[in-house]
Amino acid sequence: SVEFVNHTPFPSLAYQAQDPREQYFHVVALRTTAEIKTYGALQFIPEQAPLAVTDEFHGEMNKSSVRQESDLAPFKPQCDVIVIGKAYAPAGRPARRFTAGIRIAGPKQPRPLPPRPQGLNPTMAPSPVAVAAWQREVIEARANPLPGPVILDRQLAVCGPRYWEKGSFGGWALTSPEPIVSLPLRYEYAYGGECRIGPEDPASKHVEPKCRLTTDERREHPDGPDRAPVAHRVCELNPVGMGFAEEWYLKAKKIKRVRAPQIDLPEDPVREFGKTYPAQGFGVITKTWLPRRRLCGTIDGAFLQSGKPLPDDFDFAFWNGAHPDLQVPWLAGNEEITLTNLCPHNLPGATRDKNGNTLLRFSLPGHQPFVLVRYEEGTIVPARLELDTLMIEPDEKKVSCVWRLRLPLEPAVRVLEARFIFKEPEVGENAGKPGGRSPDVGRHRAGQERGARHG
C-alpha cells in the first residue's frame, strides 16, 4: 500500500478510485478554510474545517436541497463555485425585487508604462517639465493596473413572496412580490416542486385514473407500496422548489393560488404559468436531479448484472455539483472575487456601489498545494493539486477551497507527501494590515518551504 504523509496544517486524504474502464488511480484531496478580513485578504483560521466525507443537506436528507457534498470525489473536470447564504436587499431596505451576484476575475495585470521622454536630439536631456509629467504618468499607471480577465459573472433576480392566481374566467396572473430584506439562496425558493396526493387526502377521489400511480409504480415508490401516494409527479429539475403544478393536481385539489418562485434570472424571469424553468441558484444541484443525473450514464438491468463499478457512458462531469452556470475551468487560486448583495450591508468590510448595492470583495491568496510523489524506483516528482471546489459563506466571512490530484497507479508509488507553498504578499500588498497569516500556518511555513526546495 502507498504511504501518505501530510506535511501541511490542512486536512488532507489520499484514497483510490476507479474509472468506467475499471482502472484504479490515486486521489489526494486537501481542503483549506480561510476568513475574509475587512481589508479584502484571506487569513487561514486556526481550526481548519475537516474534509466533508458525506453529503450534507439544508434540512431533511433527500427531501431538501444539499448544503455541501462530500469532498471525496474521484475527479472534477471543472471547478465548482458554490455560495451558501442569503441574498440581501440593497442597503438593508425592504425591496420587492433585486439582484444578487458573484464575479470572479483573474488577478490584475500591470498597466504598460509610458515611454521615457527624450530630448530634442540624442545629445539633449529631456526637459524637467517632461520628466515630471512622465513620472506622474508612471505613478498613475502603477497605481491603476489593468483588470484581470473575467472568469465568471452571474446574477440572480430575487424577489419577495408572490403567487399565481387563477382568474374568474380562467387564466393565471402573477401577483406583485411582497417586500423582503433577505432570502436564503436555496433551491426551495427556485422553480420546481412536486404534486402529491396521498390516499388519506379527500382530493384523492377526484384524481383521474390515468394520473394515478400504477401497481408497479406504487411498489417501486420510495415510500413503499403501503405508504405510496395515490398520485405523484415531481419536477425532476428541482423536486424541492415552488411553482410546479400540473393540471390534474390543480383540478383534484381545486387550487386557485400557487406559490411562485422567488429566484429566477434577470434575463429570463418567471412570467408564464405552467412553463418549465431551470432551477436557479448558487448552491449544489443534487445528484438525482436533472440534468446532472444523466451524466451518471445508463443504469439498466444489463449494467446491474455486469458487476462494473460505473456505466460505460459515465461522465466524470457528474462529480461537478455546482449549478452549470457556476462551473468554470480550474481556478489558479489567485483570483479576485466580488459578491453583490450576498451579505448584510453593515457587515465589516462591505462597501456600496453607485447604485447602493452591497459589495464584498476579496482575493484568493495565490498559495499552491502540491504532492511530492516518491516512486518505488527512486524518482521524486512534484505534482500540482488543482483547485476544483470554491465554497463561499459570506455571512460567516468564510471561504473554503478543495484541491485535488489524480495520479495513475503505474509507475508504482511508494510515498505521497502533501506539501504547501505559501505565497508571500508582494511589496505593498496588504502593507501595514493586520493578520497577514495565522499563527498555526506560520509555524508550518519554514518546514514546507524547505520541503519544496529539497524534497
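In this predicted model, the lining of the second largest pocket is made up, by class, of seven nonpolar, eight polar and nine charged residues. The volume of this pocket is about 940 Å³. It is lined by 24 residues, and those closest to its centre are Glu194, Pro222, His232, Val234 and Pro239. Two elements, strand S15 (194-197) and strand S16 (231-234), give two or more residues to the lining of the second largest pocket. Of the elements, S16 gives the most, with three residues.

**Cavities**

Rolling a probe the size of a water molecule over the atoms shows where empty space is left. The structure holds four cavities of 30 Å³ or more. The two largest can be set side by side.

| Cavity | Volume | Lining residues by class |
|---|---|---|
| Largest cavity | about 120 Å³ | four nonpolar, five polar, six charged |
| Second largest cavity | about 100 Å³ | nine nonpolar, five polar, no charged |

Which residues lie nearest the centre of the largest cavity? They are Glu69, Asp71, Lys76, Ile82 and Thr389, out of the 15 residues that line the largest cavity. Three strands each supply at least two residues of this lining: strand S7 (79-83), strand S26 (386-393) and strand S27 (398-408). The most comes from S27, which gives three residues to the lining of the largest cavity.

The second largest cavity has about 100 Å³ of space. Its lining counts 14 residues, and the closest to its centre are Thr32, Phe44, Pro365, Cys401 and Trp403. Strand S3 (24-36), strand S4 (42-44) and S27 each supply at least two residues of the lining of the second largest cavity. S27 is thus named for this cavity and also for the largest cavity. No charged residue is found in the lining of the second largest cavity, whereas six charged residues are found in the lining of the largest cavity.

**An open sheet**

Six strands form an open sheet in the order S19-S10-S9-S21-S23-S22, and their pairing is antiparallel. Strand S19 (263-264) and strand S22 (351-352) are at the edges; each has a single partner strand, so one side of each is left without a neighbour in the sheet. S19 pairs with strand S10 (residues 150-159) in the antiparallel sense, over two bridges. In this part of the structure, Ala157 stands opposite Asp264 in S19.

**Backbone exceptions**

Most residues other than glycine have a negative phi, and most peptide bonds are trans. Two peptide bonds and two residues of this structure can be read against that background.

Leu290 and Pro291 are joined by a cis peptide bond with an omega of about 5°. Pro291 lies in the loop between S19 and helix H4 (301-306), and S19 is one of the edge strands of the open sheet. Another cis peptide bond joins Glu410 and Pro411, and here omega is about 0°. The loop that holds Pro411 runs between S27 and strand S28 (413-421).

Asn341 is not a glycine, yet it has a positive phi of about 55°. Asn341 is placed in the loop between strand S21 (336-340) and S22, and both of these strands belong to the open sheet. Is Asn341 buried or exposed? Its relative accessible area is 0%, so Asn341 is buried.

Lys397 is not a glycine either, and its positive phi is about 55°. Lys397 is found in the loop between S26 and S27, two strands that supply residues to the lining of the largest cavity. Because its relative accessibility is 10%, Lys397 counts as buried; the cut-off for this class is under 20%.

**Ala383 and its contacts**

Ala383 is part of strand S25 (residues 380-384). With a relative accessibility of 14%, Ala383 counts as buried. Which residues does Ala383 touch, not counting residues up to four places away in sequence? They are Phe370, Val371, Val373 and Leu405. Ala383 and Lys37 stand 346 residues apart in sequence, and their C-alpha to C-alpha separation in space is 31 Å.

Terms used. Residues are numbered from 1 along each chain as its sequence is written. This is a predicted model: local features need pLDDT of at least 70, side-chain atom pairs count only at pLDDT 80 or more; totals for chains, interfaces and linings use all residues. Side-chain values use heavy atoms; hydrogens and water are left out. On a 1 Å grid over the protein atoms alone, a cavity is a set of points where a 1.4 Å probe fits but cannot get out, and a pocket is an open set with protein on both sides within 12 Å along at least five of seven lines; lining residues have an atom within 4 Å of a point. Grid points are joined across faces, edges and corners, and a volume is the space filled by probe spheres set on the points. Helices (H or I, at least four residues) and strands (E, at least two) are DSSP runs, numbered from the N terminus. Ala, Val, Leu, Ile, Met, Phe, Trp, Tyr, Cys and Pro count as nonpolar, Asp, Glu, Lys and Arg as charged, and the others, Gly among them, as polar. Two strands pair if DSSP finds at least two bridges between them. Buried means under 20% relative accessible area, exposed over 50%, partly exposed in between (1.4 Å probe, protein chains only). Contact means heavy atoms within 4.5 Å.
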